[in-house]
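I set out to record what could be looked up in one protein model, working from open spaces to closed ones and then to the backbone and helix packing. The entries follow in that order.

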Amino acid sequence: MTATIALSLELPIDGELRRHTVGAPQPWTRPDAPITSRIAYAAAHVIPRPLADNTPGVPADLDWDTTMAYRHELWSYGLGVAEAMDTAQRGMGLDWAATRELIRRSGREAAGTGGRLACGAGTDQLNPADVPTGARGLSVITDAYREQIAVVRDAGARVIIMASRALAAVATSPADYLRVYGDLLTDVDQPVILHWLGDMFDPALRGYWGDADIDAATTTFRQLIGEHADKVDGVKVSLLDAAHEIALRRALPAGVRLYTGDDFNYPELILGDEQGFSDALLGIFAATYPAASTALQHLDAGDPATARDILDSTQALGRHIFTAPTSFYKTGVAFLAWLNGHQPGFSMVGGLSSGRSVQHLVQAFVLADRAGLLTDPELAVARMRAFLTVNGVHA
């Protein structure tokens, strides 16, 4: 049997079985010096124990060794790790007890390797339905944020203040957001990253910053940043709207970074224009990190054209993984990690591995192959065949 035949398989595409031949991975490179042209974080996913009870609603039971090994893989490519974010299934299966331990363990690993680490602090120890209304509720939410910020600071990581479902439920005006965030920013002793997560990622966050109109919400967001610019390292914007991000980036106070969270349009945003560029804090980088790192290395070397070509080569995969319903993008990230041998099984906390269809994951396989991101083609083909068999596709 030739290598070409061995690395081909029949895939269900457009309603019929078609033979697909897997190509060689691209020659991605690990950097031999820190990446300097951009600050880039990959928002990492979590991996459950193989025999964990991943029933929805059951407390998360993580495979700590494998989960931490994935962080070391990201660090080895010169990227920072954005920990305990929505990619790690915050609000979709990862409870606060497991999150707290995840932050602590990642902090220890980062300290031991010198890896860049930022961690999400939210309010998900609260049930939004149980939070009182009015000023008392805002105080409860602020205290919940403070509890999580303390855990992140104790871990030695930069704080990312995440959007809060509880605040979205309780707040009645932009002033309520300014009060809560203003108190938090007054408290912190190190600049933080503010995370604006759009409702395409979490429908419970619709109307965040006090208005469903994006322009009005942006006015409140900018007011907050302007009043506390010395406490804001940067803002992470996940609205999948490149024009909005560019306009916001140009309006930020000097010294405040914009970390793109746009998993659709990241190549143009990271490369930037004559008026500036975005740094990155991206879930898609957890799946495309060898390419992302190699692109940034070319940018460091003064070769933006090659950097753009590499990032562009991953864009179709990013747009596919983050297609609506966008909140289930984590399933594609975990699937590619499994195909590439970074976790023993295709399983996710809370049973989220069922969050995408067979057809969707087949297309993710094809697009990852086209981007040269199946780093061990033989393993990827073997696992893809097993996945199809288990799902009743007999090629």
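**Entry 1: Pockets**

I began with the largest pocket, which has a volume of about 400 Å³. I noted at the outset that the model is predicted.

I next looked up the residues around this pocket. The largest pocket is lined by 23 residues, and R90, G91, D124, R165 and D202 are the ones that lie nearest its centre. I then asked which elements each supply at least two residues of this lining. They are α5 (165–170) and β7 (192–197). Sorted by class, the lining of the largest pocket has 10 nonpolar, seven polar and six charged residues.

I turned to the second largest pocket and found a volume of about 290 Å³. Its lining has 16 residues, with P34, I35, G78, L79 and R116 nearest the centre. By class, I recorded nine nonpolar, five polar and two charged residues for the second largest pocket.

**Entry 2: Cavities**

I looked up the enclosed spaces and found three cavities of 30 Å³ or more. The largest cavity holds about 60 Å³ of space. Among the residues that line the largest cavity are Y70, A286, Y289, V333, L336, H342 and T375. Two elements, α10 (285–300) and α12, give two or more residues to the lining of the largest cavity. Of the elements, α10 gives the most, with four residues. I divided the lining of the largest cavity by class and recorded nine nonpolar, three polar and no charged residues.

The second largest cavity contains about 50 Å³ of space. Its lining includes A43, M85, D86, K236, D263, F322 and Y329. Here I recorded six nonpolar, two polar and three charged residues.

**Entry 3: Backbone details**

I searched for a cis peptide bond and noted the one from A324 to P325, with omega near -5 degrees. P325 is in the loop between α11 (304–321) and α12 (329–339).

I then looked for positive phi values in residues other than glycine. W209 has a phi near 70 degrees and is not a glycine. I located W209 in the loop between β7 and α7 (214–227). Is W209 buried or exposed? The cut-off for buried is under 20% relative accessible area. W209 has 1% relative accessibility, so it counts as buried.

L240, also not a glycine, has a positive phi of about 55 degrees. I located L240 in the loop between β8 (232–238) and α8 (242–251). Because its relative accessibility is 17%, L240 counts as buried.

**Entry 4: Packing of two helices**

I examined how α12 packs against helix α14 (residues 377–390). Their axes are 8 Å apart, and the helices pack at an angle of about 120 degrees. How are α12 and α14 placed relative to each other? An angle of 65 to 115 degrees would count as roughly perpendicular, and one over 145 as roughly antiparallel. The angle of about 120 degrees falls in neither range, and α12 and α14 are therefore oblique to each other.

I finally listed the residues that meet between the two helices. On the α12 side they are F335, W338 and L339, and on the α14 side they are L379, A380, R383, M384 and F387. By class, this contact of α12 with α14 has seven nonpolar, no polar and one charged residues.

Conventions:
Residues numbered from 1 in each chain as written. Predicted model: local features only at pLDDT ≥ 70, side-chain atom pairs only at ≥ 80, totals over all residues. Heavy atoms only, no water. 1 Å grid on protein atoms, 1.4 Å probe; cavity = no way out; pocket = protein on both sides within 12 Å on 5 of 7 lines; lining within 4 Å. Points joined across faces, edges and corners; volume = space filled by probe spheres on them. Nonpolar A, V, L, I, M, F, W, Y, C, P; charged D, E, K, R; others polar. Buried < 20%, exposed > 50% of the residue type's maximum accessible area, 1.4 Å probe, protein only. Axes fitted to C-alpha atoms, helices over the stretch in contact; angles between N-to-C directions. Parallel < 35°, antiparallel > 145°, perpendicular 65-115°, else oblique. Contact = heavy atoms within 4.5 Å.
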